[in-house]
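Me: Please take a close look at one part of this chain, and then set that part beside other places in the model. I would like one connected answer that I can follow with the structure open.

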Amino acid sequence: MSVPAHRLQPIYDALDNGNYKQSLTLCNKHLKKQPTENIASQALKALSLVRLENVEEAILVAESVKKSSPTDEHVLHSLSLVYRAINRNDLIAEIYANAWSQNPKNEEFAVLNFMGLARGFDFKPLQATAVKLLKQFKNDKYLFWNVMTLLMLDEVEKKKSGKSGLYLTLAERMIEKAEKEGKLTNFEVLQLFILILESAKKIPVAIDLVKSETGKKCCKVEVDRKRLLIDLIKEHDESASSSEINQLAKNLIEANPDDWLSYIDYIHSALKTITPESVEIVRTFLLSQQSLSESKKMKIRGPYLAELELDRIIQKSGELKITRNEIFERISSYYKRFGNVYCCFEDLKPYLHEINQDELELLHKMVGDIFTESEKKMKIEFHKRMTNFKKIERFLSFVDGVSNINRSKELVDHYFETLSLGENLLPTDRQHGDDYLLLAGHYLIDEFVTSGNSHILIHVLELMEFGLLKSIHNFQFKILAIRCYFRLGDSTRALQIAETLDIKYIQNDTLRYLRQIASDYINFVSYLITDDIEMLGNFDNVVFPLVKTLSIYSGNQREIPEMLVKAYQFESYSKIPEFMKFYEKVTNSLQRVITIRQTVRLELLRRVNGNVVDEYLRNLDFSVFQHGSEGYSDNRDLTVAAEFHSAKSVMKSLSIDGEFPKSRELWVKQREFLPKVLARFAAEKFEINEDLLKNVDHLRKTIDSKDDKDNELVVDIVLLSFDILKHNSEKKEFNVSISEEIIQKIEDFASQISADSFELNVFSMSLRKFTVLLELALVTSIMIRSFSRSSAPTKKQKKADSKTLVSIFEEKLKSQCTRISGIINLGLKRLEEYESIGKFNMELSVPWDSQLK
């Protein structure tokens, strides 16, 4: 028995408005009246429960609905939403398969069954379903669904065996037949044919296809067809067909004189053999495009930048001579034309590398003399050009005797000149002189590297915090501030700023490294945010950022299947392999692997006091360590932070060990096996089994680390603790010599930390060492509790002696742990005096003299 649609409308409205408690109440009212027959209300109840995160009850209700083999589309849709929420795409396929079997002529059920299988990446039954769809409903779309699925099956087969097989052959034959029958009618179907030919390594056939009438019919935009041809020719044999590429690229440039990719293709294809004649032909064409743009008053950068690229290729080859004056003239000419465009420096950056130190002064003079009187009156244009000039100056390490401090002061003065020009800007806009302030910060960081005085970073933060008051969305200010705060050891303020970056979706994988502390590696901006953040002692406050980072990966499990469904639905076949690659890259993300291990490490550190750590280890789901087992995908974007120097990296300068990013391969292995071994220590009964021995063996193989001695010490103490427990298991006694070795190693490490450990210059490193010391205490306390549970001496005296030894050992560790906690709390309180910078809202005042305090 079903309920009329209008009776269910209030439930739908409550769900649409996010009022899930109300929708659940309404469902229960309906079910009270009709407890068994009303499957529509039951399905909506399951949906309400899953939205309220009551997953277990939602599954039970959904299962009862599924057993009734529903065919009502509204019920099926509600069930599909429930199963999608719990990532059970296989059940979505199952309910629609049942509905289709009961209604064989219902094409919608058939298609939804296909989409359910697609969500689960289950390509074998997906291909079989595509065949059934084609036979039953005679729609050419299903033919291409079948071909696409065969191609995906071939990709799966290639990963297993390393070569293509029957699936690819079948896909190729089917699409060739479709082409002969004139069924290829759009660009995406053409792309599908090309994908198959590329997989079969038949690029010449693909080239002929694009040139054929079928290619012209499917790709109606001539520019797109020519670009496709260039890409295919380059993939096949670029050198053999350079003349064809050259002509195609020339045609594309004539159609769009600012098409940079075509300029690159044109120049490289024309200069396969660099001769005076070939260079002359290219330069003549580029000059003609420049003249054309000037005559039409088009301010396009392509032809001018292409001439610089031509000079770079000639100079790099060494086959022809090109005078320095020519290079200087073209760089200065480009700057003169486009110096008032913000991207001018980035355009010139690849070509400034060709300049020798001896030529810096000449270039500096040539560029510096270009400020026109008209631009000086147009203040915004003047400052745009000046900003690019200052970036070039820094890039070339121009030396004129001016100190880093005074150069920073000059840049700050320029910045204040621009503030009045930005009074009418929107709150989301950047101030015209923001890059002045960023450059000033970079010069101050140079001074910090030279002097080692961390107080200079306070002045950098003053500049960045002040800049953020005027340009609240300037992410470059935020990135530099985050790095400086981490270098000083203040994770609290760094995280506050990181949250304002408002990192979205995939950026959690590519940008989260920004929250890392200064001592470790850089990853897109995620390494700037989370890497080793647990080492700064602020354990409770960093849990949420780590968990939030991981949310992207669970979202990936739900959202990529939906993208795949949409690609099939709208026949965007070229996107399906891209979505699959994207799925694999995110699933096997290096940042994901690091963050999972960080979270486990942090949860252990948070439980350092008390037996709760044992319970946490016993309940830990070690399946999370399987992610990335097929090889890590490093998705980190290392270009997001602005760098203006040709040799110095500001990000590396703010790293304690000067390495940015740092290799993580060994660390990842260590942090996988450490908790696995500790979990065996924390078991109710310590037993030496095959898994434990295997994990200990893996851990021993990671002990040869040369770049992270602190982490190596933790591994060493874990292995020594294992030796104690193993000795006790075999001989039923406490190994005094190993315990003394552990205590000695910990005391030696603790002796590195002096009473001055919370001076600003060493604060960040001290927090790291204190956290490692805390971790050492954690490891040994777990071992002691394990020993106490498992030791059972036969003689009373022996038992008493063991207890005495254990007590002494434990007391020493407890004392050290208490000392650590007290010093960390003291250091964090002392750091609070620096956090007043975050409240800075008055006129900027910085002591620019060399005696920085």
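Reply: Once its neighbours within four places in sequence are left aside, Ser242 is in contact with Ser269 and Lys272. Ser242 belongs to helix H15, which covers residues 242-255, and its relative accessible area is 15%. Because the cut-off for a buried residue is under 20%, Ser242 counts as buried. The model is a predicted one, and the values quoted here should be read with that in mind.

For the setting of this residue, the secondary structure of the protein chain comes to 40 helices and zero strands. The chain has 853 residues, and buried residues make up 53% of them, Ser242 being one that is buried. Of the contacts in the protein chain with a separation of 6 or more, 68% are between residues 24 or more positions apart. The accessible surface comes to about 39100 Å², and carbon and sulfur atoms account for 51% of that surface.

Two other buried residues can be set beside Ser242. Tyr568 is found in helix H30, residues 543-569, and it is buried with a relative accessible area of 0%. With neighbours up to four places away in sequence again left out, Tyr568 is in contact with Phe114, Met115, Ala118, Phe123, Leu126, Trp145, Met148, Thr149 and Ile576. One of these partners, Met148, is 420 residues away from Tyr568 along the chain, yet the C-alpha atoms of the two are separated by 8.9 Å.

Phe448, in helix H25 (residues 434-451), is likewise buried, with a relative accessible area of 5%. Beyond four places in sequence, Phe448 touches Asn453, Ser454, Ile456, Leu457, Arg487 and Ser653. Ser653 lies 205 residues from Phe448 in sequence, while the distance in space between them, C-alpha to C-alpha, is 8.6 Å.

Another partner of Phe448, Arg487, leads on to a pair of helices, H27 (residues 475-488) and H28 (residues 491-500), whose axes come within 8 Å and cross at roughly 160°. Because an angle over 145 degrees counts as roughly antiparallel, H27 and H28 are roughly antiparallel to each other, and their crossing is left-handed. On the side of H27 the contact is made by Lys478, Ala481, Ile482, Tyr485 and Phe486, and on the side of H28 by Ser491, Arg493, Ala494, Ile497, Ala498 and Thr500. By class, the residues of this contact divide into seven nonpolar, two polar and two charged.

A second pair, H2 (residues 20-33) and H3 (residues 39-51), has axes that come within 9 Å and cross at roughly 155°. That angle makes H2 roughly antiparallel to H3, and the crossing of this pair is also left-handed. From H2 the contact draws on Tyr20, Ser23, Leu24, Cys27, Asn28, His30 and Leu31, and from H3 on Ser41, Gln42, Leu44, Lys45, Ser48, Leu49 and Arg51. The contact of H2 with H3 has six nonpolar, six polar and two charged residues, whereas that of H27 with H28 has seven nonpolar, two polar and two charged.

From H3 the chain runs into a loop that leads to helix H4 (55-67), and Glu53 lies in that loop. The phi of Glu53 is near 65°, which is a positive value in a residue other than glycine. Such a value deserves a second look because most residues other than glycine have a negative phi. Glu53 is exposed, with a relative accessible area of 69%, and in this respect it stands opposite to the buried Ser242.

Asn87 gives another positive phi in a residue other than glycine, with a value near 60°. Its place is the loop between helix H5 (73-85) and helix H6 (89-102). At 35% relative accessibility Asn87 counts as partly exposed, since that class takes in residues between the limits of 20% and 50%.

A further loop residue, Gln626, is placed between helix H33 (612-619) and helix H34 (650-653). Gln626 is exposed, with a relative accessible area of 54%. In sequence Gln626 and Asn588 are 38 residues apart, and in space they are 9.4 Å apart, C-alpha to C-alpha.

To return to the starting point, Ser242 is a buried residue of helix H15, and its contacts beyond four places in sequence are with Ser269 and Lys272.

Notes
Residues are numbered from 1 along each chain as its sequence is written. This is a predicted model: local features need pLDDT of at least 70, side-chain atom pairs count only at pLDDT 80 or more; totals for chains, interfaces and linings use all residues. Side-chain values use heavy atoms; hydrogens and water are left out. Helices (H or I, at least four residues) and strands (E, at least two) are DSSP runs, numbered from the N terminus. Buried means under 20% relative accessible area, exposed over 50%, partly exposed in between (1.4 Å probe, protein chains only). Contact means heavy atoms within 4.5 Å. Axes are lines fitted to C-alpha atoms, for helices over the stretch in contact, and angles run from 0 to 180 degrees between N-to-C directions. Angles under 35 degrees count as roughly parallel, over 145 as roughly antiparallel, 65 to 115 as roughly perpendicular and the rest as oblique. A crossing is left-handed if the near helix is turned anticlockwise from the far one by less than a right angle, and right-handed if clockwise. Ala, Val, Leu, Ile, Met, Phe, Trp, Tyr, Cys and Pro count as nonpolar, Asp, Glu, Lys and Arg as charged, and the others, Gly among them, as polar. Accessible areas come from the Shrake-Rupley method with a 1.4 Å probe; for residues, only the protein chains shown count as cover.
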